[in-house]
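Open the model in your viewer and keep the selection tool at hand. Each stop below says what to select and then what is there.

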Amino acid sequence: MYRKALTALQRFTLRLDVAINRVYPSDWNPLYYTGGLANLFLFILVLSGIFIFFYYVPSLTGAHPSVAYLTEQVPYGGLIRGIHRYAADAFIVAALLHLFRNWFTDRYLFSRDSPWISGMFLLIFGGFVGATGYILVWDERALAVLGLFDDMLRAIPAVGDWLASLLLGGRGLSEGTLPRILLLHVGPASLLYVLLWWHYVRLRHPKVWPPATWVLVSLGLVTLLAAVIPAVSGAPAQPGTRPEAMPLDVFFLLPFWLAGLLPPGLVVALVAVTLGAGFVIPYLGREAPQEMGVRHAGVAQVIDGNCTGCELCYYDCPYNAIVMVPSPHPGLSRAAASRKLLAVVIDSRCVECGICIGACPFEALELPSLLEADVTRRVQEAVAVAEAVRA
Amino acid sequence: MSTQAATVRGGAAPKIVGFVCDWAVATADLVDGAGRLLAYPSVVLIRIPCSGFIRPGWLEDALKAGADGVFVVGCPYGDCLNREGNYLMRERIDQLQRRLARRKVPAERLQMLAHGLHDREAFLADVAAMVERLQALGAGAAAGGPARRPAAARAPAEEGGA
C-alpha cells in the first residue's frame, strides 16, 4: 500500500519534471533547487529580520505601536516587513516541496537518513519560528494564537503546565512574555543554521543556492507581493479577551486552525504522530534489498595494493564517504609503490553509487557485487550479442 | 513504434553498447532478455547503479572490443540522485572524446545522454539519432584494430613537419 502510493507519487513527480524540462533547460528546473530556494528565503528572512529587530519593542503595550511605527513611519519599513512575511511563507513552501520531492524520489535511502532527520528538525523549528513570529505582531490574531498554543501545551500530560509557563514566562501573560517570545523567535531561527550544518555535513558539494535567475525571480516575487499586498496588523491585542475569528495563514498556522475545531489534546497528538511518522520514513524502506538489484551493489571497497593516494575518489565522492589517511605501508603496483596516502571508505556514509569507481584511474576501488571484471565481461557479451544480430 | 524502427537500412546496423543508470530512464519493457533494445536489436544495454560509476577506460574497451559506438545514460542534469554523477560523467566523456579524437576516433562514437525515469520517448529518439549518425560514419570504431595504437605511432610522423 505504502509502496504502491510512493511509486505512483514518484511517477507523478518525474513526469512533472519531464514537462518542466521542456520549458526550462534541466539545469534550471526550479524543482531541482527546492532546497536552495528554501535556503535563499531563509537568508532573506535573516536580513529583513535584523532590520525589523532594531525597531521592535517587546512589551505588552509597546509591541503593537512599534510594529505600526515600523510599517508606517520608517522608510521602506512596511516593504521590508512584507518581505519578511512573504519570504517566510515561501520558505515553508520551498521546504515542504523539498521534503516531498526527496521523499517521492527515494533520496532518503542508505546514509541519506542523516539529511532527512536533520531536515525534520529544520521543519519543526522552522514551523515554531513562524508561529512565534505571528505572536510578536501582538494583534488580536497574535493573542488568539498564543491562547491556542497555551491550550495545546497544557493538554500535554505531565509536563504540559511546565511547558506553558516556559512559553509565557510564568502563569499567564506578564511583561516577561513578549521578550521570551522574541527570544523563542530569534533563538530557534539562529539554530536553523546549526541544523543546516548537520543537514550539509555529509554532502561534498551541496546545492545551497539556486541559479542566479531564480534568486532574482524569488527576490522580485517577495518584493512585489510585499508592495502589492502589504502585511498589516489586526486590532491591538486586548489581554483577557479572545477574538472569535482570525485571518488564517495556511502555511504556519494550520495546527492552530485545527485547534479551533478539535480539542487541543487531539491536535497535539495529531501533530506529534505526523512528525513522528516523518522521522520513521527513511527506515521504512521502499524496496527489499534483493529487489534493488544493481542499485544495491554493496559498499565500495578499496583495493589496497592498487591505491596510489591520488585523492581523485576523495574529491568526487558526493557523500564525503572517502577519507585519505597516511599510508601505513607502500602499495603493491608500481604506481602505488611510493604513495603517501591511502583511501579509506567509511561504510556508514557510502550509498553504493559507485562514483568513486568511475573516478579511480588505478583500478583501486570496486563495488562488491559489480566488479570491474563483471563489467568487462558484460561489455564483451554485449558486443558479441550485437554482432550476432548483425550476422 | 518499435517495429518500424527495427528495420535498419543497409543491414549494417551499428553495434552499440549503452550503459544506463538504474535511476534514469526505465528500460525494463524496452529490452529483451539479453539486453537488446527491441527497437534497435544491435543496441545492447547494461544497467549500472549511477552514470558516474563508469570508468572511461571501459568505454574505450568497448570500442576496442568491436563496438561501433558507446553511450552512457544518466538522469537529467540537476536531478542526479547522487547530485553529481551525471555532471562528472559528462566531463569524463568530454575528456575521452578529446583524447580519442587524437586517434581519429570521431566524437559521435561516444555519447552522454540524460533522461529521467519516464523520458523513454526522448531516449529512444536519441538512440535513433545515434544509430543514424553511426550508420553514416560506417563501421569500425577501432579501425586500426584493438591491439595497435595508431595514434601513438602515427601522430609524431604527421606532426613532424609542423
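**Stop 1: chain B as a whole**

Select chain B and colour it by secondary structure: five helices and four strands should appear. Keep in mind that this is a predicted model. Read from the N terminus, the elements of chain B follow the order α-β-β-α-β-α-β-α-α. Chain B has 162 residues, and 53% of them are buried. Now consider its contacts with a separation of 6 or more: in 76% of these, the two residues are 24 or more positions apart.

**Stop 2: the largest nonpolar core**

Stay with chain B and select Phe19(B), Phe53(B), Ile54(B) and Leu59(B). These are the residues that touch the most other members of the largest nonpolar core, which has 57 residues. Helix H15 of chain A, residues 372–390, supplies the largest share of this core, six residues.

Which residues does Ile54(B) touch, leaving out those up to four places away in sequence? From chain B, the list holds Phe19(B), Ile48(B), Leu59(B), Val72(B), Met89(B) and Arg92(B). Gly358(A), from chain A, is touched by Ile54(B) as well.

A second core is separate from this one and has 51 residues. To find it, select Ala87(A), Leu136(A), Leu143(A) and Leu253(A), which are among its members.

**Stop 3: cysteines in chain B**

Select Cys21(B) and Cys75(B), and show their sulfur atoms. A disulfide is a covalent bond between the sulfur atoms of two cysteines. Why is there no such bond from Cys21(B)? The closest cysteine sulfur, in Cys75(B), is 4.2 Å from the sulfur of Cys21(B), which is too far for a bond; the cut-off is 2.5 Å. Cys21(B) is buried, at 3% relative accessibility.

Next select Cys80(B) and Cys50(B). Cys50(B) holds the cysteine sulfur closest to that of Cys80(B), but the distance is 4.2 Å, so no bond is assigned. Cys80(B) is buried too, with 4% relative accessibility. Over all chains, the count of disulfides is zero.

**Stop 4: the largest pocket**

Move to chain A. The largest pocket holds about 1300 Å³ of space. Select Ile124(A), Gly127(A), Pro255(A), Val271(A) and Leu275(A): of the 36 lining residues, these are the closest to the centre of the pocket. Then colour the helices of chain A that each give two or more residues to the lining: H4 (77–104), H5 (113–136), H6 (140–154), H7 (160–168), H8 (177–200), H10 (254–261) and H11 (264–284). Which helix gives the most? H11(A) does, with eight residues. By class, the lining of the largest pocket has 33 nonpolar residues, three polar ones and no charged ones.

**Stop 5: the second largest pocket**

The volume of the second largest pocket is about 870 Å³. Select Gly49(A), Ile52(A), His84(A), Gly133(A) and His185(A), the closest to its centre of the 37 residues that line it. In chain A, helices H2 (34–53), H3 (63–72), H4, H5 and H8 each contribute two or more residues to this lining. The lining of the second largest pocket divides into 24 nonpolar, eight polar and five charged residues.

**Stop 6: Thr132(A)**

Select Thr132(A), which is part of helix H5 of chain A. Is Thr132(A) buried or exposed? It is buried, because its relative accessible area is 0%. Leaving out residues up to four places away in sequence, Thr132(A) touches Ile181(A), Leu184(A) and His185(A).

**Stop 7: the largest cavity**

The structure has seven cavities of 30 Å³ or more. The volume of the largest cavity is about 860 Å³. Select Gly35(A), His98(A), Asn102(A), Pro115(A) and His199(A); of the 36 residues in the lining, these are the closest to the centre. H2, H4, H5 and H8 of chain A each give two or more residues to this lining, and the largest share, seven residues, is from H4(A). The classes in the lining of the largest cavity are 21 nonpolar, nine polar and six charged residues.

**Stop 8: a loop in chain A**

Finish with Gln238(A), in the loop between helices H9 (212–228) and H10 of chain A. Gln238(A) is partly exposed, at 47% relative accessibility. Add Asp139(A) to the selection: from C-alpha to C-alpha, Gln238(A) and Asp139(A) are 8.1 Å apart in space, while 99 residues apart in sequence.

How values were computed: Residues are numbered from 1 along each chain as its sequence is written. Chains are lettered from A and ligands numbered from 1 in the order in which they are written. This is a predicted model: local features need pLDDT of at least 70, side-chain atom pairs count only at pLDDT 80 or more; totals for chains, interfaces and linings use all residues. Side-chain values use heavy atoms; hydrogens and water are left out. On a 1 Å grid over the protein atoms alone, a cavity is a set of points where a 1.4 Å probe fits but cannot get out, and a pocket is an open set with protein on both sides within 12 Å along at least five of seven lines; lining residues have an atom within 4 Å of a point. Grid points are joined across faces, edges and corners, and a volume is the space filled by probe spheres set on the points. Ala, Val, Leu, Ile, Met, Phe, Trp, Tyr, Cys and Pro count as nonpolar, Asp, Glu, Lys and Arg as charged, and the others, Gly among them, as polar. A nonpolar core is a set of buried Ala, Val, Leu, Ile, Met, Phe, Trp, Tyr and Cys residues joined through side-chain atoms within 4.5 Å. Buried means under 20% relative accessible area, exposed over 50%, partly exposed in between (1.4 Å probe, protein chains only). Contact means heavy atoms within 4.5 Å.
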